[in-house]
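Dear colleague,

Here is the structure I promised to pass on. My notes on it follow below.

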Amino acid sequence: MPASLENPRCAFQPLVNLNTGGVVAIEVLVQAAPDDRPAELDVDLAVFAVRASAEHETLLPLHINLLARTVATCPAGVERLHHALCELGRRPHEVVIEVGGQLRESDYGELLDELRRLRAAGYRIAWDGGDVSLALLLAAEVDIVKLDPRAVAGLPDERGLAFMEALALFCRRTRTTLAATGVHTKAQLNALRSTRIQLVQGDLVAPPAWRPTTQVSLAAEASDVAELPIAAGPMVTEFLHPATMLSVEATADEVRSVLVNRPEVTSVVLVDELYCPQWSIDRNRFLLAVTGPYGHALHAKRHASRLADQPVLVATNSTAMDALHLSLGGAERRYDDVVVVDNGLRCMGIVRLSDLFRGLAEMKVEEAAALSPLTRLPGSDAVAREVGRRIAAEQVFAMCWLDVDGFKAVNDSAGFAAGDDLIRLVGRRLADSAAALRSTYVGHVGGDDFLAVVDVDDLVAFARAVLDGHYQVEGRAVTVSLATLVCAGGTVPSYREVSRLLAPLKRQAKALSGSSWVLGRPGSDRVDVLRGTVAQQRRSNASAPTGR
C-alpha cells in the first residue's frame, strides 16, 4: 500500500459496448489520487489498484491508470507494475494501460519509446482524456482514445457533435476504439449513439462500485434511443466481447471450472503462446459432454481440445454480415461464438451471433421505417451513412443528385396523382439500375429529388440507364437533370460537404435544356457538361457537350 497516500481505496467502473449492452472491461480507480502525484507514488497507486482487483476475480480486461510523465520518465516504475501484474497471473493482453495527464513536450520522445515497448510486450494503450496534443496522439498509435468528460458534458450541442463526428471518423480510419467517459444524461447517451461511438463509461450506465460489475442494463434508456439507427453495414468489432482465453494445453477440468464459476461466459478460446486461437469450446456442448454419464472420469484430466471445435475466425475489418455469412454458410449450421483476430491472427475478442442477429434485425427495421412511402427507396439518413462509409474507407465514388425538370408544372397541369406516378417511375428506374450495378446505392430524399452513390467504373452505365429512358405524363415528355460529384479518397471530409459541393452543380444542370448531366470534382472549378444543350451565354464557362 502506498505510504504517502492515507487510506487509499479502490472503486471499479465498467466500460460498456453500446451495441451489445455488455461490459467489455473494468477500470480500477484509486479514489482521492492527486493529479500532481510524483512518479513513484503514481506507480505505487497503480500496483495497489492491481492488487485490489485480484481480490475480486474477474475475467474481464483491466484498465490501469498511469500518468503520461510517469511512463515517460520512470521506466523502472513501469517495469515494477509489469512484475506485479505477472505475479498476480494477469497477462499483458488482459490489461489496458490508460495514459493521461499533462506532459512536457521535451518528454514526448521518451513517452513514445516506452509506449512502443509496452505494446510490443502485449499491453494495450489508451489515451485517457486530458490535454494531450494532437501531434502526440497521431504519433502514439494507441488502441483506445477516451474522451475527456468535459467533451461529453455539453452534448448534444452542435459544436460538440461536430467534434465527436470528426474524432469518430479519425478513429474508424485508424482502427482505434473511441470511448466516451462522464456520461451522466440520456441526452448525452443519445448523442453518442448517433455518432457511432462504441464504448461508454459514466454514472448513467454504471457508477463506480466497490466490487467489479459484469452486468449492466440500458433498458431504462431503451425508449429514448430506439429511434437511433444502427449504421448500414456495421463492423463486427462493434459487437465485440472480451474473449475468455486459456492455454491450448488446458485440461477439461480447468475449462469446466471457468464455465461453472462464470455463468456469463458462452465460450472458451484455446490459444497458443502468441494468443492465436487454436480451438473454440462452446459452453453448452462442453458441459453436456463432461457432466454426462462417466463424463468427468473420461475427460477431466485430458486436454480440453478433445472436446473443442475449429474456431470460426473473422478479421477486425469484417462487417457483421460477413461474420454471419461465414458462420452460417457451411454445410452444418453453427451458432458458436465468432472469434475476431487481428492481422497477426491474435485473438481480439469474440462476437455472439445473438448480438449480430439482434443488431442486424434492428438495422433492417430502422431502414424499413425510413423508406419513402412513395418509392420504397431509402431516405437521406441511409444515403448519408453509405457516403460516410465510403469516405471512411477512402474509396473513389461518384455522388449523383437527380431531379425532375418542371415537376411543379406537372402537378399543376396533370394533378398530384399523375405526379406521384412519375415519381414512382423514376424511382423504379433508379432501383433497376441499382440492381444491375452492384456498386450503386440509391435513395429518395423527398419530392422529386433522388440521390445515388456509384462506383466510378459504373457511372456511365448508371447515367445512361437513368437519362436514356423516356418519361411522359399524359403524352407530354418530361426531362430530368443529373448532377455528379466524383470524390477521390481524402477529397471530401463528410456527407455534408458533398451535399454543399453538389448544390452549384445541380443549378448548372437545371440551367440546361433537355435531359442534362454535369460533372464536377472537389477542389476544381471545371464543370463537364455531358448531356444537355448549353445556352450561348454559358458556353464559355463550361465544356462542350458530348451528346444529348
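**The barrel**

This is a predicted model, and the barrel is a good place to start. Eight strands close into it in the order S1-S2-S3-S4-S5-S6-S7-S8, with mixed pairing. Strands in a sheet pair through hydrogen bonds of the backbone, in either a parallel or an antiparallel way. One parallel pair here is strand S7 (residues 177–180) with strand S8 (residues 199–200), joined by 2 bridges. In that pair, Ala180 stands opposite Val200 of S8. Helix H4 (residues 108–120) packs on the sheet and touches strand S4 (95–100) and strand S5 (124–128). The direction of H4 makes about 140° with that of S5.

**Helix H3 against helix H4**

H4 also has a helix as a neighbour: its axis and that of helix H3 (residues 75–87) come within 12 Å and cross at roughly 20°. The two helices are therefore roughly parallel to each other. The crossing of H3 with H4 is right-handed. H3 contributes Pro75, Val78 and Glu79 to the contact, and H4 contributes Glu114, Arg117 and Leu118. Sorted by class, the contact of H3 with H4 has 3 nonpolar and 3 charged residues, and no polar ones.

**Helix H17 against helix H18**

Further along the chain, helix H17 (residues 416–436) packs on helix H18 (residues 459–467) at an angle of about 150°, with the axes 9 Å apart. That angle makes H17 roughly antiparallel to H18. Their crossing is right-handed. On the H17 side the contact is made by Arg429, Leu430 and Ser433, and on the H18 side by Phe462, Ala465 and Val466. By class, this contact of H17 with H18 has 4 nonpolar, 1 polar and 1 charged residues.

**The open sheet**

There is also an open sheet of 3 strands, in the order S12-S13-S14, again with mixed pairing. Strand S12 (313–315) and strand S14 (347–351) stand at its edges; each has a single partner strand, so one side of each is left without a neighbour in the sheet. From one strand to the next, the twist averages 35°. S12 runs parallel to strand S13 (residues 338–341), and 3 bridges join them. Ala315 stands opposite Val341 of S13.

**Backbone points to check**

Most peptide bonds are trans, and most residues other than glycine have a negative phi. Three places in the model depart from that pattern and are listed here.

- Leu155 and Pro156 are joined by a cis peptide bond, with omega about 10°. Pro156 lies in the loop between helix H6 (149–153) and helix H7 (158–173).
- Glu141 is not a glycine, yet its phi is positive, at about 55°. Glu141 sits in the loop between helix H5 (134–140) and strand S6 (144–147), and is exposed, with a relative accessible area of 57%.
- Glu474 also has a positive phi, near 50°. Its place is the loop between strand S18 (471–473) and strand S19 (476–478). Glu474 counts as exposed at 67% relative accessibility.

**The protein as a whole**

Overall, the secondary structure comes to 19 helices and 22 strands. Of the 548 residues in the protein, 51% are buried. Among contacts with a separation of 6 or more, 67% are between residues 24 or more positions apart.

Regards

Technical notes
Residues numbered from 1 in each chain as written. Predicted model: local features only at pLDDT ≥ 70, side-chain atom pairs only at ≥ 80, totals over all residues. Heavy atoms only, no water. Axes fitted to C-alpha atoms, helices over the stretch in contact; angles between N-to-C directions. Helix = DSSP H or I, 4+ residues; strand = E, 2+ residues; numbered from the N terminus. Parallel < 35°, antiparallel > 145°, perpendicular 65-115°, else oblique. Left-handed = near helix turned anticlockwise from the far one by under 90°. Contact = heavy atoms within 4.5 Å. Nonpolar A, V, L, I, M, F, W, Y, C, P; charged D, E, K, R; others polar. Pairing = 2+ DSSP bridges. Buried < 20%, exposed > 50% of the residue type's maximum accessible area, 1.4 Å probe, protein only.
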